[in-house]
Amino acid sequence: MAGRSAQAAHNRKGPSVFESLSPSSLPAADEALREPIRRLIADAMGPTPLDRRARSWQGFDAAFSRALGQAGFLGLTLPERYGGGGRGPFARFVIVEELLSAGAPVAAHWIADRQSAPLILGYGSEAQRRFYLPRICRGEAFFCIGMSEPGSGSDLASVRTRAERTGKGWRLGGQKIWTTNAQHSDYMIALVRTSGAAADRQAGLSQLIVDLRAPGVAVRPIVDLTGDAHFAEVFFDDVELADDALIGTEGEGWKQVTAELAFERSGPERIYSSIVLVDAWIAHVARAGRRDAATLALAGRMTAEIATLRAMSLAVTALLAQGLSPVVEASLVKDLGTGFEQAVPRWIGDDLAAHPDEAVAPELHRTVAYLSQIAPSFSLRGGTREILRGIIARGLGLR
Ligand SMILES: Cc1cc2nc3c(=O)[nH]c(=O)nc-3n(C[C@H](O)[C@H](O)[C@H](O)COP(=O)(O)OP(=O)(O)OC[C@H]3O[C@@H](n4cnc5c(N)ncnc54)[C@H](O)[C@@H]3O)c2cc1C
């Protein structure tokens with residue numbers, strides 16, 4: 001066992017998890033983006049109810065995303081020759097932090113900006129980069145991620161959706177599920193089997209870019225328990241795709257997906273899902289004139305947790321800025337971050353219930369109710385807690 005652990009630790013390239021998560025700060029040039037993005041958000045959103053702002057991740061607003069693109073706030077990590085900002089992950093950190101703190105509708109550009117664009121930049125052909133990246137940067141091409149299937153969520157290596165080579169390209173058949181915003185998106189980057197069988201696991205998987213308007217694609221939205229329909233089932237019935245639908249290398253899909261998931265798990269987005277509620281509760285207790293020890297302890301606890309998580313997220317951003325793929329560090333931040341996001345509605349709900357004589361704005365009640373219902377999904381989307389802990393244990397040489 002000791003030998004295996006030592007081997008696993010040795011296999012990990014670069015410094016240990018604890019060394020690599022060193023404190024980092026935002027460069028002044030990126031901090032300077034706060035003022036213009038705040039102005040844009042204030043102009044575009046106006047007074048939006050709190051319970052709508054709590055739906056920031058779910059808010060699909062193509063016009064808002066296009067306004068961000070026009071102002072140069074999308075594709076900040078991409079080179080300027082593809083229409084990007086040529087800046088890097090710290091600039092994106094500032095923009096994401098501001099968007100989520102304000103509860104802005106981020107869903108339209110969210111996945112393309114965070115995952116699809118860096119994936120296409122890293123693995124796509126020059127023609128794919130030139131075709132997709134400038135449109136992503138302008139907020140004109142929206143993407144979704146087709147990884148999960150019925151029976152293949154955490155166990156992604158078992159995907160069954162299959163693409164066969166034809167004389168002209170690919171023929172795609174199968175089904176995806178839980179695909180966020182498939183019903184509104186232009187393209188899906190799908191993880192599919194291009195050779196072998198499900199029993200072959202990681203071998204034989206590839207990533208294809210699927211135009212969701214192609215004949216044979218059917219999208220059926222799924223309504224969640226809050227009444228929103230933000231994800232969907234997607235069916236492929238002999239969908240014909242051109243040869244250049246393949247992204248990266250045939251059979252290398254697993255490696256590519258792992259790199260993509262590091263982008264998905266690493267950002268400040270894994271901390272801020274309940275942040276508008278924290279702000280609203282602090283404003284509420286200030287208005288109510290509360291100064292008791294329990295109130296101060298809760299305010300202090302939330303502040304301390306946010307400060308720590310933010311510092312960790314910045315440390316992961318620094319690794320991304322060095323061009324590394326911080327899979328283990330990102331898993332650590334996502335696991336701790338989603339735990340915090342999930343606890344906030346519980347803590348605040350309990351606090352409000354403990355003060356039954358206090359006047360509470362109906363919006364605040366609705367927001368606690370919404371976030372309490374949706375919070376369990378925070379640790380599911382983007383990879384479940386148990387899977388992340390398996391990755392962390394392996395990274396520490398414990399498995
Ligand atoms: C809001 C939301 C949005 C989503 N958006 C997308 C999307 O856009 N695209 C997409 O492809 N998917 C998406 N998903 C799907 C999500 O990634 C999967 O739900 C997730 O990967 C878990 O898969 P599953 O639901 O099949 O659960 P399962 O894999 O069946 O897991 C069920 C439970 O078993 C545990 N478990 C499974 N395997 C192991 C193991 N080896 N060891 C220990 N425990 C294990 C899990 O941790 C979990 O607690 C979304 C999900 C949600 C909730």
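The exercises below, each with a worked solution, concern a predicted model of a protein with a ligand.

**Exercise 1. The setting of Ser152**

Find where Ser152 lies, decide whether Ser152 is buried or exposed, and list residues with which Ser152 is in contact.

Solution. Begin with the position along the chain: Ser152 belongs to the loop that runs between β1 (143-146) and β2 (162-165). Next, take the relative accessible area of Ser152, which is 2%. A residue counts as buried under 20% relative accessible area, and Ser152 is therefore buried. Finally, set aside the neighbours within four places in sequence, and the contacts of Ser152 that remain are Met147, Ser158 and Val159.

**Exercise 2. The surroundings of the ligand**

Describe the residues that surround the ligand, and state which elements each supply at least two residues of the shell.

Solution. Start with the count: the ligand is surrounded by 17 residues, of which the closest are Ser154, Trp178, Thr180, Thr384 and Glu386. Then sort the shell by residue type, which gives six nonpolar, nine polar and two charged residues. Turning to the elements, at least two residues of the shell are supplied by each of β3 (169-180) and α15 (385-395). The largest share, three residues, is that of β3.

**Exercise 3. Oxygen atoms of the ligand and the buried area**

Determine how far polar atoms of Met147, Ser148 and Thr384 lie from an oxygen atom of the ligand, and then state what share of the ligand's area the protein buries.

Solution. Consider the backbone first: a polar backbone atom of Met147 is 2.9 Å from an oxygen atom of the ligand, and for a polar backbone atom of Ser148 the distance to an oxygen atom of the ligand is 2.7 Å. For Thr384, in contrast, the atom in question belongs to the side chain, and this polar atom lies 2.6 Å from an oxygen atom of the ligand. As a last step, note that the ligand taken alone exposes 980 Å², of which the protein buries 62%.

**Exercise 4. Two annotated spans**

Using the UniProt annotations for residues 30-140 and 144-239, describe the helix and strand content of each span.

Solution. Take residues 30-140 first, which an unreviewed UniProt entry annotates as "domain: Acyl-CoA dehydrogenase/oxidase N-terminal". This span, residues 30-140, is 63% helix and 0% strand, with 24 Å between its end C-alpha atoms. Now take residues 144-239, where the unreviewed UniProt entry places "domain: Acyl-CoA oxidase/dehydrogenase middle". Here, in residues 144-239, the content is 0% helix and 50% strand, and the end C-alpha atoms lie 17 Å apart.

**Exercise 5. Ser266 and a distant part of the chain**

Show which residues Ser266 is in contact with once its neighbours within four places in sequence are left aside.

Solution. Place the residue first: Ser266 lies in helix α10, which covers residues 253-266. Its relative accessible area is 3%, so Ser266 is buried. Beyond the neighbours within four places in sequence, Ser266 is in contact with Ser313, Val316, Leu320 and Ala330. In addition, the C-alpha atoms of Ser266 and Leu314 are separated by 9.2 Å, although these residues are 48 residues apart along the chain.

**Exercise 6. Positive phi values**

Give the phi values of Asn181 and Arg201, and say where each residue is found.

Solution. Recall that most residues other than glycine have a negative phi. Asn181 has a positive phi near 60°, and Arg201 has a positive phi near 55°. Asn181 is in the loop between β3 and β4 (187-193), while Arg201 is in the loop between β4 and β5 (205-211). With 5% relative accessibility, Asn181 counts as buried, whereas Arg201, at 34%, counts as partly exposed.

Terms used: Residues are numbered from 1 along each chain as its sequence is written. This is a predicted model: local features need pLDDT of at least 70, side-chain atom pairs count only at pLDDT 80 or more; totals for chains, interfaces and linings use all residues. Side-chain values use heavy atoms; hydrogens and water are left out. Helices (H or I, at least four residues) and strands (E, at least two) are DSSP runs, numbered from the N terminus. Buried means under 20% relative accessible area, exposed over 50%, partly exposed in between (1.4 Å probe, protein chains only). Contact means heavy atoms within 4.5 Å. A residue is near a molecule or strand if one of its heavy atoms lies within 4 Å of it. A polar contact is a pair of N or O atoms within 3.5 Å; within protein, one must be able to donate a hydrogen and the other to accept it, and residues adjacent in sequence count only if both atoms are side-chain atoms. Accessible areas come from the Shrake-Rupley method with a 1.4 Å probe; for residues, only the protein chains shown count as cover. Ala, Val, Leu, Ile, Met, Phe, Trp, Tyr, Cys and Pro count as nonpolar, Asp, Glu, Lys and Arg as charged, and the others, Gly among them, as polar. UniProt positions are given in the numbering used here, feature names are shortened, and annotations may be inferred rather than shown by experiment.
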